[in-house]
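Student: I'd like a close look at a single part of this structure, followed outward into whatever surrounds it. Keep it plain, and spell out the cut-offs as you go.

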Amino acid sequence: MKRILIALAMTWSAATPAMADMALATAKNCMACHAVDKKLVGPAYKDVAAKYAGQKDAVAKLAAKIIMGGSGVWGPVPMPANAQVSEADAKKLAAWVLTQK
């Protein structure tokens with residue numbers, strides 16, 4: 001029984017960051033314009049992850065775009081600034097986006 005509980009705890013803890021970051025993305029209103037697997041107003045997170053794959057400064061770049069906004073990378077629709085998102089939350093969101101497949 002103890003082994004089962006340990007295995008369940010390890011599985012839950014491995015899944016929690018992904019769920020927590022989806023919750024953060026929802027709480028920060030990111031999901032109003034983005035989806036994991038399809039383009040809405042902005043690009044799909046899986047497409048963002050593919051574009052920035054292998055770039056060691058990708059988390060910092062994306063975190064800055066989350067906070068300051070941007071335009072021209074994904075087409076004519078600009079991404080508005082999200083000054084209410086803290087740097088720590090922006091980095092957490094960026095890291096999560098980069099894990100999407």
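Tutor: Let's start with Gln100, which is buried at 14% relative accessible area. Buried here means under 20% relative accessible area, exposed means over 50%, and partly exposed is anything in between, with a 1.4 Å probe and protein chains only. Keep in mind that this is a predicted model, where local features need pLDDT of at least 70, side-chain atom pairs count only at pLDDT 80 or more, and totals for chains, interfaces and linings use all residues. Residues are numbered from 1 along each chain as its sequence is written, and side-chain values use heavy atoms, with hydrogens and water left out.

Gln100 sits in the segment after helix 4. Helices (H or I, at least four residues) and strands (E, at least two) are DSSP runs, numbered from the N terminus. The side chain of Gln100 makes a polar contact of 3.1 Å with the side chain of Thr99. A polar contact is a pair of N or O atoms within 3.5 Å; within protein, one has to be able to donate a hydrogen and the other to accept it, and residues adjacent in sequence count only if both atoms are side-chain atoms. Skip the neighbours within four places in sequence, and Gln100 is in contact with Val36, Tyr45, Lys46 and Ala49. Contact means heavy atoms within 4.5 Å.

Two of those partners are worth following, beginning with Lys46. Lys46 is partly exposed, at 31% relative accessibility, and it forms a salt bridge with Asp47, whose closest N and O atoms are 4.0 Å apart. A salt bridge is a side-chain nitrogen of Lys or Arg within 4 Å of a carboxyl oxygen of Asp or Glu. Asp47 is partly exposed too, with a relative accessible area of 35%.

Now for Tyr45. The largest nonpolar core has 17 residues, and Tyr45, Ile66, Leu93 and Trp96 touch the most other members. Such a core is a set of buried Ala, Val, Leu, Ile, Met, Phe, Trp, Tyr and Cys residues joined through side-chain atoms within 4.5 Å. The elements giving two or more residues to this core are helix 1 (2-27), helix 2 (45-52), helix 3 (58-68) and helix 4, and helix 4 gives the most, with five residues. In soluble globular proteins, nonpolar side chains tend to be buried together. Ile66 has a long contact list of its own: beyond residues up to four places away in sequence, it touches Met79, Pro80, Ala81, Asn82, Val85, Ala90, Leu93 and Ala94.

Tyr45 also leads to His34, in the loop between helix 1 and helix 2. His34 is buried at 11% relative accessibility, and its side chain reaches the backbone oxygen of Pro43 at 2.9 Å. Not counting residues up to four places away in sequence, His34 touches Leu40, Gly42, Pro43, Tyr45 and Met79.

Next, helix 3, home of Ala58. Ala58 is buried, at 3% relative accessibility. Leaving out residues up to four places away in sequence, Ala58 touches Tyr52 and Leu98. The C-alpha atoms of Ala58 and Lys91 are separated by 9.9 Å, though the two residues are 33 apart along the chain.

Lys91 pairs with Glu87 in a salt bridge, the closest N and O atoms being 3.2 Å apart. The two residues are separated by about one helical turn because they are four residues apart in helix 4 (residues 87-97). Glu87 is exposed at 51% relative accessibility, while Lys91 is partly exposed at 39%. The structure holds four salt bridges, including one between Lys61 and Asp57 at 4.0 Å.

What about the cysteines? The structure holds zero disulfides, a disulfide being a pair of cysteine sulfur atoms within 2.5 Å. The sulfur of Cys30 is 8.9 Å from the closest cysteine sulfur, in Cys33, so it is too far for a bond. Cys30 is buried at 16%, whereas Cys33 is partly exposed at 31%.

One last word on confidence: pLDDT is the predictor's confidence in each residue, from 0 to 100. The chain's mean pLDDT is 87, and 80% of its residues reach 70 or more. Over residues 4-16, though, the pLDDT is below 50, and this stretch has zero contacts in the model beyond near neighbours in sequence.
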